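Student: Could you take me through one part of this protein slowly, step by step? I would like to see how a close look is done.

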Amino acid sequence: MLTQLRNIVQSVAASADLHQALQTLVQQTCVAMHTECCSVYLANPEQASFDLMATQGLDPAAQVSLSFGEGLVGLVGERAEPINLAHAREHPAFKPFPATGEDAFQSFLGTPIIYRKTVLGVLVVQQHQPRQFDESEESFLVTLAAQLAVVFAHADAQGGWLNASQSPVLLEGVPASPGVGIANAWCDDSQPRLEDIAPACCLHVQKELDRLDAALDDASVEFRRLRKRFDKELQKEALAIFDLFVHLLNDPMLREDMTLRIQQGDEAAWAVRQTVETFSSRFAAMDDPYLKARAADVKELGQRLLYFLSEASSNHQPISSPIVLLARELTAGMLASIPRALLAGVVAEEGAANSHAAILARALGIPAVMGVSFSAPRLHNKSVILDGHKGLLMIEPAAPLLKEYQQLVQAEVSLQSTLDTALASPGQSQDGTRIQIHLNAGLSADSSIAINQGVDGVGLFRTEVPFLMQRRFPSEDEQVKQYRAILASYPDKPVVMRTLDIGGDKPLPYLSVDEDNPFLGWRGIRFTLDHPDIFLIQVRAMLRASLGLDNLKLLLPMISGVNELLEAKALIARAFEEVRHEAKLAGEILAKPLLGIMVEVPSVLYQLDGIAQEVDFLSVGTNDLTQYLLAVDRNNARVANIFDALHPSVLHALSLIATTSDRHQLPVSVCGELAGDPVGAALLVGLGYRQLSMNTRNVAKIKYLLSRLSLPRLQKQTKQMLSLSEPGQVRTQMEGFLAEQGLDALVQIGRMR
């Protein structure tokens, strides 16, 4: 039976069009189940019906369409469960269609084809003999339908045969840069692909080494040229992205790996592929969105090296009108190669919202969506709408939808000028309550904005990158240099540096750890407490870097109990005394930094009173807190729809944290993604939070939002939200509340699909 299942699914998936796929399905299912009739009905959402699309046993010329809930087929779809009947015509829901010849069949077994809670269709088998299909037959059909659902959904995502009769095709991805782009699709397939490079040996090692050196130099020159190209368009921090690429190109570890492989006999391109895939896979396996996105940056470097190794020349066709660029992977070079006035938006099959190409798109104000599965030949030159707010790409949209999005574009232009003004203003509510707005950062180049634009400091600086990019633990002096640069960028403003959050899903290349469940394993403070030498070196480096600046705040990740906190505090006190003594000998004075913990492990919620006696501040990581409270891996596509930071359980946890912190007069901030969401930020302020930390792109939007909200009204609304039982209710009612406050544009952008 397993072989038959596999053969049917593979035959359907290999079909060239909808008719062939469904005809293959019904024919092979009849053979496999030894039945006399098999039919497949597909859901038509526009008509709210199930339409007979293919049959083996009924009259194929018959036109059958059943409204949702109508007939036995409609009942299967409505219940979303199988129906197995020995005497189908006696069932009250049975609806005869004499033209099909269905009257000859007595037995009926129908099962829904469901993908992510959506009924895509109904698969039916029938027999003349009145009998109930046995358990093994029902199991076979249910299993077949489940596997077909994945095939159908994949075809739908590809804009392939499943959508042949539907318009517009709607493709979903990850929003990477806000905004709306309306233009024709233009597919770029000129970039070299790492996976196309096959193993190859070289005959002349020195020649290959010379080719590699030349490619590295050419790539470095190109990134410097791109930096100059955008010099007048971007702020200094966004321009630093290109400096980072140059830095990585000169990274000794990358160069040594590629050089060693060539010396061992590999051809240069093959050496590049192996090295780049090794480095990028380390980042790709991580859960942290920022660190995961570094995989795309490393791959971009590799692809540029392949470009120069192949001595390829650009074969771009001239572009004379605005386009939405569709590419396998978005790169800085692509963004630079097309005039800004002609680039309405960008869509990439691969990549993440935190990749540097996505960051650059945001800095340039270009709408972008990542992770969209599409078929380039089918989409090239077709009219599309790109929704960078929701991560949607609509192919050949109908006139009413097109008009709606054109109005949205006009509203965005008007809103953006207002947001630009809000950026330089202090964060505060309409009635003057001060809300501190901080930044989440990982590298100086990735998510910081100029100090004079009104941010109050850095609420979360990730320190993992130097540890992940080397073959060994970075030395204390190496860490001091990097930390000093960050602290010096924000004089007189706090910079919260999180100690090493490594292990589990972020394994070090030189300290591999194999765990069945890394999210519940050896990570964060658990790792560093087991390696006090590493922890002491990092804390010493942070303290030394803060000398004379006095703006360092230490943050401990993954704390699950008071015992871990006390153990970490003892080590920090030891490091402080060591550095203080050294500073005193050099005539300097070391200020003691404030100490806080990340509230992200649910066990901490029940120990807040004890923890409050031991720390100076709290920082809530809503991403992990939500993940652990709901037992949902948000990177798992099968359950990602359950992940919702507006879940009542999460809101009550956030309320408990805010109330406890207020009782102890303990400062508390939120550094998770919820702080950068308009609905989330409003709720957090209503709950009592006065410090929000977020990515650069959300700063102006949240400042504008807060300036239009009255704190008393917001607190009253938030109290009502705590009485709700469903996340959807929370978002809907909060969006309605924001619209009532005159924030229709922000709400409209968030709702638009």
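Tutor: Happy to; we will look closely at one helix and the loop before it, and then at a few other spots for company. Keep in mind that this is a predicted model.

Let's start with helix α13, which covers residues 399-423. A quick check is to ask how long it should be. At 1.5 Å a residue, its 25 residues should span 36 Å, and the C-alpha atoms at its ends are 36 Å apart, so the two values agree. Now look at which of its residues are hidden. The buried ones in α13 are Leu401, Tyr405, Leu408, Glu412, Leu415, Leu419, Ala422 and Leu423. Try finding Glu412 among them on your screen.

Next, step back to the loop between β14 (392-395) and α13, where you will find Glu396. Its phi is near 45°, a positive value in a residue that is not glycine. That deserves a second glance, because most residues other than glycine have a negative phi. Glu396 has a relative accessibility of 41%, so it counts as partly exposed, a class that lies between 20% and 50%.

Met558 makes a nice companion to Glu396. Met558 also is not a glycine and has a positive phi, of about 60°. It sits in the loop between β18 (552-556) and α18 (562-585). Here the relative accessibility is 1%, so Met558 counts as buried.

Another buried residue to visit is Ser693, in strand β22 (residues 691-694). Its relative accessibility is 1%, which is why Ser693 counts as buried. What does its side chain meet? The side chains of Ser693 and Asn440 are joined by a polar contact of 2.7 Å. If we leave aside neighbours within four places in sequence, the residues in contact with Ser693 include His438, Leu439, Gly459, Leu460, Val670 and Cys671.

Finally, let's look for empty space inside. Rolling a probe the size of a water molecule over the atoms shows where such space is left. The structure holds 5 cavities of 30 Å³ or more, and the largest has a volume of about 130 Å³. Of the 17 residues lining the largest cavity, Tyr41, Leu66, Val73, Lys95 and Glu102 are the closest to its centre. Helix α3 (residues 71-79) supplies the largest share of that lining, 3 residues. Sorted by class, the lining has 12 nonpolar, 3 polar and 2 charged residues.

Methods. Residues are numbered from 1 along each chain as its sequence is written. This is a predicted model: local features need pLDDT of at least 70, side-chain atom pairs count only at pLDDT 80 or more; totals for chains, interfaces and linings use all residues. Side-chain values use heavy atoms; hydrogens and water are left out. On a 1 Å grid over the protein atoms alone, a cavity is a set of points where a 1.4 Å probe fits but cannot get out, and a pocket is an open set with protein on both sides within 12 Å along at least five of seven lines; lining residues have an atom within 4 Å of a point. Grid points are joined across faces, edges and corners, and a volume is the space filled by probe spheres set on the points. Helices (H or I, at least four residues) and strands (E, at least two) are DSSP runs, numbered from the N terminus. Ala, Val, Leu, Ile, Met, Phe, Trp, Tyr, Cys and Pro count as nonpolar, Asp, Glu, Lys and Arg as charged, and the others, Gly among them, as polar. Buried means under 20% relative accessible area, exposed over 50%, partly exposed in between (1.4 Å probe, protein chains only). A polar contact is a pair of N or O atoms within 3.5 Å; within protein, one must be able to donate a hydrogen and the other to accept it, and residues adjacent in sequence count only if both atoms are side-chain atoms. Contact means heavy atoms within 4.5 Å. The expected span of a helix is 1.5 Å times one less than its number of residues.
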